[in-house]
Amino acid sequence: MTTDGIINIQNVSFYRGDRAIFKNLNCTIDTGKITAIMGPSGSGKTTLLRLIGGQLQPDDGRILLFDQDIAKLNRKQLNQLRARMGVLFQSGALFTDLSVFENVAFPLREHMNLSADDLYNRVLLKLEAVGLRGARHLMPAQLSGGMARRVALARAVAMEPELILYDEPFAGQDPIAMAVLQRLIKDLNSAMQLTSVLVSHDIAEACAIADQVILLGEGQVLVQDTPAALQASTDPAVKQFIHGEADGVIPFHFPAPSLQQDLRGQSE
Amino acid sequence: MMGPIADLGAGLLSKLVRMGEALLMLLQAIIVQPKASSLPRLIQQLYVVGVQSLIIILVSALFIGMVLGLQGYTLLSAYGSEQAVGQMVALTLVRELSPVVAALLFAGRAGSALTAEIGLMKATEQLASLEMFGVDPLHRIVAPRFWAGIISLPLLVAIFSLVGIYGGHLVAVDWLGVYSGSYWGNMQQAVDFNEDVLNGMVKALVFAFLISWTAVYQGYSCIPTSQGISAATTRTVVYSSLAILGFDFILTALMFGGAV
């Protein structure tokens with residue numbers, strides 16, 4: 001069966017112990033667009049990315065990636081599918097025992113039979129695209145957080161994937177690094193005709209580059225729309241998240257008995 | 001009434017599940033067709049796990065051999081048998097002390113480092129990242145470290161015995177004046193290659209398996225936080241040490257029990 005989007009999430013439920021992270025979640029990620037998945041902490045954004053990458057399996061429902069149900073793939077088929085996508089992990093996840101050059105070369109060495117010259121040129125071009133050609137001899141421990149994220153980005157696109165998943169790419173970055181990453185994500189998406197899925201709670205940065213936003217909450221998709229429509233939304237939960245209001249539909253307080261009941265010597 | 005019984009059952013079941021997981025992980029990691037490209041990774045791990053443990057093994061072996069020489073001389077000279085000190089030092093070392101002490105040191109030095117390294121790789125998403133590149137972390141990360149442990153410890157045990165015997169010689173012969181010919185001659189006569197040396201090496205191999213398995217499993221299955229890694233590292237040292245001592249008794253009973 002062929003579907004519209006590059007990723008189709010159909011009636012997915014996922015539990016951690018007794019706690020439901022998702023209950024009958026449905027959404028579609030359109031091909032060729034930048035989609036930002038947003039939501040409060042604990043809403044399951046990173047979990048959703050891991051479900052899409054096949055690192056976790058849904059308890060119910062199915063996830064179609066490139067029109068294939070990833071739960072039904074064997075390891076070899078899953079690896080073939082993974083070769084068509086790149087992932088930028090929140091921490092960068094660079095291999096600490098390999099240099100910048102070798103980190104970017106890693107997927108190429110594993111999956112492509114390139115000559116030494118082709119491999120060298122390809123790695124250098126990817127590093128040039130993220131502005132770090134000159135840092136190819138450095139080790140990950142010698143890089144700043146922003147530089148590490150850019151090297152990880154070069155590694156994620158080294159195989160020229162069709163889909164790239166970004167897990168919190170702006171987290172912990174200074175304004176300059178954030179702007180650089182924003183520009184890179186946007187430029188790479190159009191230059192390589194990628195589909196990008198971006199998990200973030202940096203609203204302004206994600207909305208500035210996203211074509212569509214999926215807002216998660218209470219195990220469901222609260223809304224899926226363009227950033228402009230989201231900014232104009234009158235839905236209380238959407239408004240609270242977009243405008244960063246401390247209390248509202250998403251409560252400030254963790255569920256508890258009333259303060260009166262809880263204070264010692266105050267209850268009947 | 002049922003509550004504590006149910007808790008006990010749940011606890012036992014969870015332990016069984018973890019043991020099953022550990023066994024499955026081990027089988028997945030080691031049942032793999034060896035590739036030429038894996039050799040450099042194994043050699044690198046042999047250096048990290050084996051060569052970097054050499055200093056602690058050499059120094060400990062020398063002191064333990066010296067103490068054995070001194071204690072042996074003191075004890076045996078009371079019966080006028082100080083010429084047998086070489087035999088006592090060698091048998092004590094090759095049968096018992098070398099495998100056990102070297103394994104305990106190896107668990108503390110290399111086992112804990114393996115757990116911490118794999119745990120940190122998990123915490124920094126390097127294992128997840130390998131998986132997303134279609135590379136099995138069990139083959140890439142776990143297998144070379146496991147095999148490096150299996151190969152390194154028996155070699156370290158052999159070195160421990162040699163250095164320990166030399167330490168005993170330093171004290172008994174060079175310091176206390178036992179005749180060198182008696183030291184080596186009695187040793188040569190009393191130590192049987194199959195009965196003593198090979199049995200000692202079998203112990204070393206079993207301990208190497210226990211330590212390497214515990215270390216890689218604890219690292220691979222740890223909770224990827226600083227507290228989780230720290231707890232896993234502690235568990236590696238505690239479980240390995242207890243397993244070494246327990247299995248040492250079982251192996252000693254099997255190997256030398258018949259003589260009792």
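Trainee: What makes helix α1 (residues 45–52) of chain A a helix that lies across strands, and which strands are they?

Mentor: Contact does, and contact here asks for C-beta atoms within 7 Å. In this predicted model, α1(A) lies across β3 (34–38), β7 (163–167), β8 (195–199) and β9 of chain A. Its direction is at about 150° to β7(A). Helix α6 (residues 175–191) of chain A lies across β3, β7 and β8 of chain A, at about 155° to β8(A).

Trainee: Why is the sheet with the order β6-β7-β8-β3-β9-β10 (chain A) called open, and what are its edge strands?

Mentor: The sheet has six strands with mixed pairing. Its edge strands are β6 (85–88) and β10 (220–225) of chain A, and each of them pairs on one side only. From one strand to the next, the twist averages 15°.

Trainee: How do you know that β3(A) and β9(A) pair, and in which sense?

Mentor: Pairing requires at least two bridges between the strands. β3(A) and β9(A) have four bridges, so they count as paired, and the sense is parallel. One of the partners is known by name: A:Ile37 has A:Ile214 in β9(A) as its bridge partner.

Trainee: What about strand β9 (residues 212–217) of chain A and β10(A): how many bridges, and in which sense?

Mentor: There are five bridges, and the sense is antiparallel. Set against the requirement of at least two, five is enough, so β9(A) and β10(A) pair. A:Leu216 stands opposite A:Val221 in β10(A). The two strands form a hairpin with two residues between them, where A:Glu218 takes a positive phi near 50°.

Trainee: What makes β1(A) and β2(A) a hairpin, and how many residues are between them?

Mentor: Strand β1 (residues 7–16) and strand β2 (residues 19–29) of chain A run antiparallel and are joined by seven bridges. Two residues are between the strands, and A:Gly17 in the turn has a positive phi of about 65°. A:Phe14 stands opposite A:Phe22 in β2(A).

Trainee: Why does A:Ile29 count as buried?

Mentor: A residue is buried if 20 or more other C-beta atoms lie within 10 Å of its own. A:Ile29 has 24 C-beta neighbours inside 10 Å, so A:Ile29 counts as buried. This residue is in strand β2 of chain A. Apart from residues up to four places away in sequence, A:Ile29 touches A:Gly5, A:Ile6, A:Ile7, A:Thr35, A:Thr195 and A:Val197.

Trainee: How many helices and strands does chain B have?

Mentor: Chain B has nine helices and zero strands. The C-alpha trace of chain B spans about 70 × 55 × 30 Å along its principal axes. Of its 260 residues, 43% are buried.

Trainee: What makes the buried residues of α7(B) line one face of the helix?

Mentor: The buried residues of helix α7 (residues 180–190) of chain B are B:Tyr183, B:Asn186 and B:Met187. Down the axis of α7(B), they fall within an arc of 100°, so they line one face. On the other side of α7(B), B:Gly181, B:Gln188 and B:Gln189 are exposed. The buried residues pack against α4 and α6 (137–175) of chain B.

Trainee: Which residues touch the most other members of the largest nonpolar core?

Mentor: A:Leu198, B:Ala103 and B:Leu153 do, in a core of 133 residues. Helix α4 (residues 85–123) of chain B gives the largest share, 18 residues. Leaving aside neighbours within four places in sequence, the contacts of B:Leu153 include B:Ala102, B:Ala103, B:Phe106 and B:Ile211. As a general point, nonpolar side chains tend to be buried together in soluble globular proteins.

Trainee: How many residues of chain B are in contact with chain A, and what kinds of residue are they?

Mentor: Ten residues of chain B are in contact with 14 residues of chain A. On the chain B side, four are nonpolar, four are polar and two are charged.

Note on methods
Residues numbered from 1 in each chain as written. Chains lettered and ligands numbered in written order. Predicted model: local features only at pLDDT ≥ 70, side-chain atom pairs only at ≥ 80, totals over all residues. Buried ≥ 20, exposed ≤ 12 C-beta atoms within 10 Å, placed from the backbone. Contact = placed C-beta atoms within 7 Å. Nonpolar A, V, L, I, M, F, W, Y, C, P; charged D, E, K, R; others polar. Axes fitted to C-alpha atoms, helices over the stretch in contact; angles between N-to-C directions. Core = buried A, V, L, I, M, F, W, Y, C linked by C-beta atoms within 7 Å. Arc of directions from axis to C-beta.
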